Amino acid sequence: MILSILLGCQGYVLTEVDGASVDDTGADSMLDGEEDDGTWDGAWMEVLSPGSGDFLPLDETSSFEAVIYYADGTEADFSDIQWTSDRDEGWSLLGSFIEDDSLDVGGHAITAEALLPNGDRLVYTMGGILVQHEDAGTYVGNVKVDVSLSYDGVDYSAGCTGSVTILVDVYGESAAGDSTCTLSLLGYDQDTSYGFNLAVDDGSLEGAAEVDLSLFAYDFDLDGDVGEGELSGIWDDEILGYVGVAGELEATRISRSVGKE
């Protein structure tokens, strides 16, 4: 059983496990036959970054920094700190300050661990760290559509607005969503629907706005942008040479969640 665990926030010190020192091999404690003079007794670790719940943008450099303190609060010159992730088994860092951009997407619990010369093991875990593309997430907003046509020499126009939800995937490579709204045209209410399947490339959106006007469906080329939590796009073309359709998409990110990873 664990005989001594000193808790500090999410960090703790293991001094003895199942009646034996955590360093029962002697390989990592009292190196080169040095005697334990008590210097490291009561030492503790503070992780400066990242913190629990932090967001780390995919493929962008983030800092991993931890400090070991002696019992009196003096900073120790100790850099043999191992960093691991519960999600990315192939990811590992060694050092007290490291800049790294190699964590894969997902929710991570990052652990910093240090084995002190006296055999004490300091462990500090930060949970809920999210890694994904900066633009990924759930966007909510509106789609505005204007339809115009000429019939028996008379010009008609109608417009409608519908809510829309767009998901940008965790790698920031695609965006997809749909919307509906009702157009009143030529004395009839027409239920219309809109689907969006877009490619994302360095902040630019390109792809199709799939417009279903009940009487006919058509794919429009959409151009747009995404960045800093905002997403927008426009499309404008004619169907059958006489029905003009123009649309505008505006949405704001409400969550970094995309429903699934």
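This is a short talk about one sheet and one disulfide in a predicted model.

Okay, housekeeping. Residues are numbered from 1 along each chain as its sequence is written, and side-chain values use heavy atoms, with hydrogens and water left out. Since it's a predicted model, local features need pLDDT of at least 70 and side-chain atom pairs count only at pLDDT 80 or more, while totals for chains, interfaces and linings use all residues.

So, the sheet. It's open, with three strands in the order 4-6-9, and the pairing is antiparallel. Strands here are DSSP runs of E, at least two residues, numbered from the N terminus, and two of them pair if DSSP finds at least two bridges between them. Strand 4 (44–49) and strand 9 (97–100) are at the edges with a single partner strand each, so one side of each has no neighbour in the sheet. The twist averages 15° from one strand to the next, using axes that are lines fitted to C-alpha atoms, with angles from 0 to 180 degrees between N-to-C directions.

Strand 6, residues 62–69, pairs with strand 9 in the antiparallel sense, over four bridges. If you want a spot to click on, serine 63 sits opposite glutamate 99 in strand 9.

Next up, how many disulfides does the structure hold? Just one, where the cut-off is a pair of cysteine sulfur atoms within 2.5 Å. The partners are cysteine 160 and cysteine 181, sulfurs 2.0 Å apart. Cysteine 160 is in strand 13 (residues 154–168) and cysteine 181 in strand 14 (residues 174–185), so the pair ties together parts 21 residues apart in sequence.

Buried or exposed, cysteine 160? Buried, at 9% relative accessible area, and cysteine 181 is buried at 9% too. Buried means under 20%, exposed over 50%, partly exposed in between, with a 1.4 Å probe and protein chains only.
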